[in-house]
Amino acid sequence: MKRFNYLIIFSLLSFWAINDSLKAKELVKLYENQDFKQTINCLNAVNSADWQMFITQNGTWDISLDKASGSPVVAIGKPIKICPYIISSDQLVAAIKDFLNKYKSIFKADINSLKLSRVEEVGGKWFVSFVQIYDDKEVIGSEINLVVNNKGEVFSFNISFYDNIKFENKSKIVKSKAIEITNNSLNLKVNSKIANKLMSSKNIQEYILPIYKGDFIDFKMVYKVSSGIDSKEIFETYIDVFNGDIVWQKLLLLNADKNVILKAEVFQDYYKGKVAELPLKNNYLAIDNIGSKTDETGKFKINSNQVELKIKYESDETIIGFCEENDIEYLNPIKINIASINNEVVLNSENANKFALFGLYHLKYAKDQIKRIDPNLDCMEIKMPITFYGSSSFYGMYGVNAFYSPNDKSFGFTDYENDSIRFSECPAVMYHEYGHSINDLFYKKRNKEFLNKACHEALADVNANMLLDDPIGTKNVYLNDKAAYIRNSENKCIYPDSLTGESHNDGRVLAGAFWDLRKLIGKDLTYKLSHFARYSLPDDPSTAVAFKKWFLAVLVADDDNGDLTDGSPHYKEIIKAFNMHNIGQNLFVNDALNFTVLEDMENINGSQNIIVEFSSPSFICQLPDTVKFCYTIDNSKEVKEINLLKNNNKYVNTFNGLEKPGIIKYYLKYKDNNTNYYQYKYYNNSMFSNYVFTCGYKSIYVDEFESENFKFDNNISKGAGLMIGKPKGYSSQISYYIQPDSDLSKNGEKCMLTGTGYDNSPYYMIEGTSSAESPAYLIKKDIKKYLISFWMFEWHLFYSNQLFDNNVGVIVTYKTNEMAEWDTLYNMKKYYEEDEYNNDSIKTLHKQRVWKRMIFEVPNIWEEDTELQLKFFAGSKEKYGNTSSTSIVCLLVDDLKIMRENDGGAGIGDQSADGLEVYPNPMIDNGYLSYYTQNEDAVDLELYDIIGQKIGICSGYKIKTGQNIIPIKEIVNSNLDPGSYIIMISKNNTLLNSIKFIKI
């Protein structure tokens, strides 16, 4: 019920305790973890003039570009006429190619490198798709999808095309070598019969695989090799054809994942308090050994002179099997004597197998409901077996779970007779897994794979939610804990705060949006829209992009005239529901709000501009009326707000320092016009988070780790867990991704790493098998009234549902030559428990795979010539050696800085008693800047208006020791209009001082 590969995580509470061989099945997951893929508004692109021309020609469009490839991965707007009318699908495809070719310079798509993958007409809309072909090889993840109305107008498209694929002319490994590498990587006994069938040379094809590395893309030419343990547990391995490296490996299995447990918000019993007698439709039976079956109402005919009825556990939709050891057995028919039959045959636990009856009825019901919504959905007209695995079977020994296997299109319930967890009798679990099958078969019918696992899980949840009209559906499934359940779609999960990288959890964001939509427009219509949105094939490896596409796909499904710029029948409700989870219109607004991050300020009475610029307003991406700069200097005990002044598409104001040195944490919030809720922007346009800066501190020591001048005290080290260098992008022994191969440090390539090995070993911690206590890091400085600042990338994967189970996490300690023992500077567990972080949203945000700036005040207890030591820990348990933990922790540290309170010593930017002033202020005509300094230097003088526009600059102005009187006209050689202005004094792009004045 995790993107392109279908990764199984069986009963996770017991998964790691079974045996070490299972770890080999949790394999490399590089390609699927590309959530750092960024989209930007088209007007911010390098070729923005071309996009401006596109919008000038075609009207208002919302277009988000993939930052690395330049492709318009999300685009929707005023319909564009591409053909006068649609006569045939061939004519439509030709017109679309002309459209793509016309805008080749900005679409980045070469029509000669495309293969048509589908043309279909649904509800008055045409859906046309292509994939990219390079050197006769399909590019994985490439797509061009267009939606055309019945007037011959394009009104939505998304393109992922790669125009810079290049490979050196290298020798390739042979396919037999790829097969050998695959089997060795699995480290498991593969089923030879299945493997031989899957791994024949004709089944091994070459593909192109794009790998996102920050702002650029690396391409791999790969063999796709399939191998299997059995007919369900099939691995697909993508091997670099030149060097034999495994680039990506996936397991074709989807599961229910019982371990994501939430607390109840509303109580609903999935059994509805009673067991109902329901018709068994299309079920096979035999009367005197003559084959027959029930009809759509469950009825069948029988003659009174017949003596025996055999009822099979088989229907048009499924056949029921049971597995107690290794082989699947199908139950013998139920034999019922004709003498016992009146008008009804009621099968129950006394005369039949209750698990088989559960599977027969609920799979049929799930199919009937989706066919009721979409009668032409022929991809579901297949028989999908259901197997119940006993506790002694291969799957059953992993614990209670359920899965859908895309390989053989079957369902499985593991440890089905468990007397405490009843997945095998819970309709919601069956409907969820059937939702996976709809996703899988629908996309494959259209020659696509469903890449994004979070969305895959969300739509599976939506299927169960809508069939039961219940946001939970699994209440009472845990018999020993009546309040426990799997997931709740009636939630307040939002993007990106609620994301953890685990697909079942992350899917709650999209599932929550659909449930909120259900509350606004009803169950049947929501179910219909959630399904017909699939026809746009919304998907992307990046969860942010995938959420955007699902939001727009729902609008397309709701559209009734082929033009979304005039809205749709339920336009406001869809926007409201998705905005409540930060994946609707506000996701576009967040991308369009371009914010200049505030820098550290040495002077407490200095100032710097707050500038937020909004790009590309349109019918979806609307300018907010209100934007606020919110900040705190006391860890959120008091949050102050600065209203930014709106001028056209800019919002500006000034931050005017503090009364005393401090650490400022801040964020932006803006008013959403559709919901009247405030939406929050935590991130800037890079992948780094945590808006924080200092005021009133000077940097006295900086180590960015690029110069290799660091020092370690190896005598104090207790583990081989730290080095300076480039971290690996992923681990070859665990499936959980650490971070990309680019953007490895906050500023540069190298950083401090914790882990268990160097060279070719992955840098990771797993199960506390090795201490990641670093050697002591030595700093010798005269340190008084100081801060320690560094950027930290912490990656936690918790298999249990308790955030602080086994005290897993990160700890930073310090010691000086004046101290006998090490003291704690930062403890993740304690940090979360402070008032500032005492809520689930902040805890989850803190777990995300992003760089976070950490700033700590340290007690002022040292004399001159102090020796400071720091140590970094990443691991489990207090002593970091207990193997009972089922969690992984990784830690990267960068840009270490020691900062001391600015004592006001003379220098550039330091004010004398006479200070910095403009006179007269307000001025009527001419004015002067008075600036006193004790040092002679060259500075840049810049003049800004109140909305942040630079209107004058004087570079390299020579200032002298003492008083400097500088005419304003030397900065701007024109008459100033009445208004407010700011003069900023800087050196080497560092703000030294600023002052505001008024012209009347």
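Two strands count as paired when DSSP finds at least two bridges between them. With that in hand, here is what turns up in this predicted model.

Start with a small open sheet of four strands, lined up in the order β23-β24-β28-β27 and paired in an antiparallel way. At its edges sit β23 (593-595) and β27 (645-647), each of which pairs on one side only. Neighbouring strands here are turned against each other by 25 degrees on average, if direction is ignored. In general, strands of a sheet pair through backbone hydrogen bonds, either parallel or antiparallel.

Zooming in on one edge, β23 is joined to β24 (residues 608-614) by three bridges, with the two strands running antiparallel. Within this pair, Phe595 stands opposite Val612 of β24. A helix also comes into play: α14 (residues 585-592) lies across both β23 and β24, and runs at about 35 degrees to β23.

Elsewhere, a couple of backbone angles catch the eye. Asn476 isn't a glycine, yet its phi is positive, near 75 degrees. Asn476 belongs to the loop that links α9 (453-468) with α10 (503-521). Its relative accessibility is 14%, so Asn476 counts as buried, the cut-off being under 20%.

Asp895 is another non-glycine residue with a positive phi, this one about 50 degrees. Rather than a loop, the setting for Asp895 is a strand, β42 (residues 887-901). Asp895 counts as buried too, because its relative accessibility is 9%.

Notes. Residues are numbered from 1 along each chain as its sequence is written. This is a predicted model: local features need pLDDT of at least 70, side-chain atom pairs count only at pLDDT 80 or more; totals for chains, interfaces and linings use all residues. Side-chain values use heavy atoms; hydrogens and water are left out. Axes are lines fitted to C-alpha atoms, for helices over the stretch in contact, and angles run from 0 to 180 degrees between N-to-C directions. Contact means heavy atoms within 4.5 Å. Buried means under 20% relative accessible area, exposed over 50%, partly exposed in between (1.4 Å probe, protein chains only).
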